Amino acid sequence: MAIDTVTLRSPFITEEVAQRIELQSIKRQGVNMKSGELLYSLTTARLKGSFDARISVKVERQQKGFDNKIPYKKDCSPFITLECSVHKALIGHNVYGGTDDFRASILWLIDKVNELLGVQLPPAPLWQVRRIDVAEVFMLVSEQAVQEWFQGLKINDTFRRRSVSKYGQHGLLVVGTTTSLKFYHKGKEFAKHDARRLLPFTDVIKVAELQELADRLLRAEVEIKTRKLKEDFGHVPLVSEITIDYLNNLFDKEVGAFLKEGASRVGKVITVNAVRQRLVKEYGERRAKTLFNTWHQLATLGEQFVKDNQKPATFYEHVKLIRKAECSWHSTDLLLRRTDGLVPEGFSPTRCDKRRLTGELPVIQEKLKLYRERSCSENVLLNEENSNEPLVGYFLAPL
C-alpha cells in the first residue's frame with residue numbers, strides 16, 4: 001500500500017507566521033463590483049518540491065461547521081490547510097514504490113514545508129487528518145491485459161446508492177460522501193498528467209522507463225474523506241492516531257465490498273468448470289445447480305440485470321453463497337478468451353493477490369529513516385498525562 005493524496009489541517013498558528021506564508025502566496029479575491037463588498041478571499045501557496053511535486057498551502061481564518069444542522073462561519077485565529085500527494089512529494093511520481101508509513105511520511109512532509117516556506121509550523125502529530133488516499137498497484141503482462149480486466153467486470157450501475165462511472169476500458173470511479181473508489185490504468189494517467197511534467201527534472205530515458213512500467217499497471221485507490229474519519233474515530237483524527245492497520249483494513253473492506261471479493265481462503269475460481277466443481281463441493285449437487293445458474297447470469301449479463309430480475313432476498317442470498325465459495329463472475333471464460341493468458345486466472349486487485357507490487361523505493365527508505373525513529377518518540381511526548389505545560393503550546397484548529 002502507498003499513501004498518496006492527503007489533506008491536513010494545522011493547529012492555530014500566529015499571525016506573524018501566517019503573514020510570512022502569505023507573502024509567498026497567490027491571493028485570490030472576489031468582489032461585488034456594484035457594492036464593493038468582499039465576497040471571499042483565498043490565499044494559496046503552490047510550493048515546488050522535488051520534481052515539481054506541487055504542495056498546496058492555504059492560510060485560513062474562518063471556522064466552518066454546523067450548529068443544529070445549520071451551517072455557520074465565524075472568524076478565528078489563522079491555521080493552515082495543506083494538500084498534496086505524499087508519494088509525488090517524496091520522489092516526483094506515484095507509479096510504484098511508495099510508503100504505507102503514514103506517520104513517518106507526514107513528519108517528513110511538514111519538515112519539507114517548513115524548509116520551503118522558511119517557517120516553523122506546529123509539530124506534525126498534532127495536525128488533523130481530513131483526507132487520505134491509499135493505493136495499491138498490480139502488474140499485469142501488458143496494457144491489453146489491463147483493458148481486458150475492465151472489459152470483464154460485471155458490476156452494478158450503482159454501489160451503496162452511488163453511481164458507478166465507467167471510462168471505457170481504462171477507468172472506473174465511484175464517488176461517495178464518506179469514501180470514493182477508483183480503478184484505472186496507470187499508463188494512461190501517467191502519460192496524461194505526469195510524463196511531460198517530469199521531463200524538465202529528469203532524463204527522458206527515466207521517464208520512458210516509468211511509462212513502460214505504468215503501461216502494465218492497474219491501480220486501485222480508496223479516498224477516505226473527513227466524514228468517514230469522524231465516523232470511525234468519533235472526531236477528526238490527528239496524524240498521531242492514524243495507523244497502517246486502519247488504512248489496510250479499510251482498503252480491504254471497501255474494495256472487497258465493491259468487487260464482492262476478499263482475502264482468499266481456498267483460492268478464487270472464475271472458469272466455468274472450476275466454478276461448477278467448487279459450488280458442488282461446497283453446497284452439493286442440488287444447491288449448486290441453482291447457484292451456478294445465478295453465477296452464469298452474473299458472468300454474462302452482469303450484476304444489475306440479475307438484481308433487477310430476481311427477488312431481492314434470492315439475489316442477496318445467492319451472491320452471498322457464491323462469494324463465500326470464492327467464485328468470481330468478473331473476467332470469466334464465458335465472454336473472454338482465456339487462451340491468450342492476458343488476465344491471469346484468479347487475479348483480483350486486492351492485497352492478497354500475488355501480482356501486487358510491494359516494497360518502498362530505496363530513496364524513500366532513506367528519506368524516512370530518521371522520521372520513523374522520530375514518530376515513536378513524538379507520540380510518547382503527546383501521550384504524557386502528568387505534564388503541567390499546555391500541549392506543546394498549541395491549540396487545535398476548528399473541526
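Author: Let's start with a cut-off: a residue is called buried when its relative accessible area is under 20%. Keep in mind that this is a predicted model.

Reader: Okay, why does Ser 348 count as buried?

Author: Ser 348 has a relative accessibility of 5%. The limit is under 20%, so "buried" is the right word. You'll find Ser 348 in the loop between α12 and α13. Leaving aside residues up to four places away in sequence, Ser 348 touches Phe 138, Leu 259, Glu 261, Lys 268 and Asp 353.

Reader: And how do you know that Phe 347 is buried?

Author: By the same kind of check: Phe 347 has a relative accessible area of 3%, and that is set against the limit of under 20%. Therefore Phe 347 is buried. Phe 347 also sits in the loop between α12 and α13. Its contacts, again not counting residues up to four places away in sequence, include Phe 138, Leu 140, Trp 149 and Arg 355.

Reader: How many aromatic pairs are there?

Author: The count comes to ten aromatic pairs. One of them is formed by Phe 138 and Phe 347, an edge-to-face pair.

Reader: What makes Phe 138 and Phe 347 an edge-to-face pair?

Author: Two values settle that. The ring centres are 6.0 Å apart, and rings pair when their centres lie within 6.5 Å. The planes are at 75° to each other, and planes over 60 degrees apart count as edge-to-face. Both tests are passed, so the name fits.

Reader: Which distant parts of the chain does the pair link?

Author: Phe 138 belongs to strand β6 (residues 128-139), while Phe 347 is in the loop between α12 (312-324) and α13 (362-382). These two residues are 209 apart along the chain, yet their C-alpha atoms are separated by 9.5 Å. Phe 138 is buried, just like Phe 347. Both also belong to one aromatic cluster, together with Trp 149, Phe 150, Phe 159, Phe 183 and Phe 258.

Reader: Let's move to α3. How do you know that the span of α3 agrees with what it should be?

Author: With 16 residues at 1.5 Å a residue, α3 should span 22 Å. Its end C-alpha atoms are 22 Å apart, so the two values agree. Just after α3, Gly 118 takes a positive phi of about 70°.

Reader: Which residues of α3 are buried?

Author: Among them are Phe 102, Ile 106, Trp 108, Leu 109 and Leu 117.

Reader: How many residues does the largest nonpolar core have?

Author: The largest core has 71 residues, and Leu 82, Leu 109 and Ile 132 have the most contacts inside it. Helix α3 (residues 102-117) gives the largest share of this core, nine residues. A second, separate core has 17 residues, including Leu 279 and Trp 329. In soluble globular proteins, nonpolar side chains tend to be buried together.

Reader: Where is confidence lowest and where is it highest in the protein chain?

Author: Strand β3 (residues 38-48) has the lowest, with a mean of 71, and strand β11 (residues 217-225) the highest, at 97. The protein chain averages a pLDDT of 86, and 89% of the residues score at least 70. Over residues 384-393, though, pLDDT stays under 50.

Key
Residues are numbered from 1 along each chain as its sequence is written. This is a predicted model: local features need pLDDT of at least 70, side-chain atom pairs count only at pLDDT 80 or more; totals for chains, interfaces and linings use all residues. Side-chain values use heavy atoms; hydrogens and water are left out. Rings of Phe, Tyr and Trp (its six-membered ring) pair if their centres lie within 6.5 Å; planes under 30 degrees apart count as stacked, over 60 as edge-to-face and the rest as tilted. Helices (H or I, at least four residues) and strands (E, at least two) are DSSP runs, numbered from the N terminus. Buried means under 20% relative accessible area, exposed over 50%, partly exposed in between (1.4 Å probe, protein chains only). pLDDT is the predictor's confidence in each residue, from 0 to 100. Contact means heavy atoms within 4.5 Å. A nonpolar core is a set of buried Ala, Val, Leu, Ile, Met, Phe, Trp, Tyr and Cys residues joined through side-chain atoms within 4.5 Å. The expected span of a helix is 1.5 Å times one less than its number of residues.
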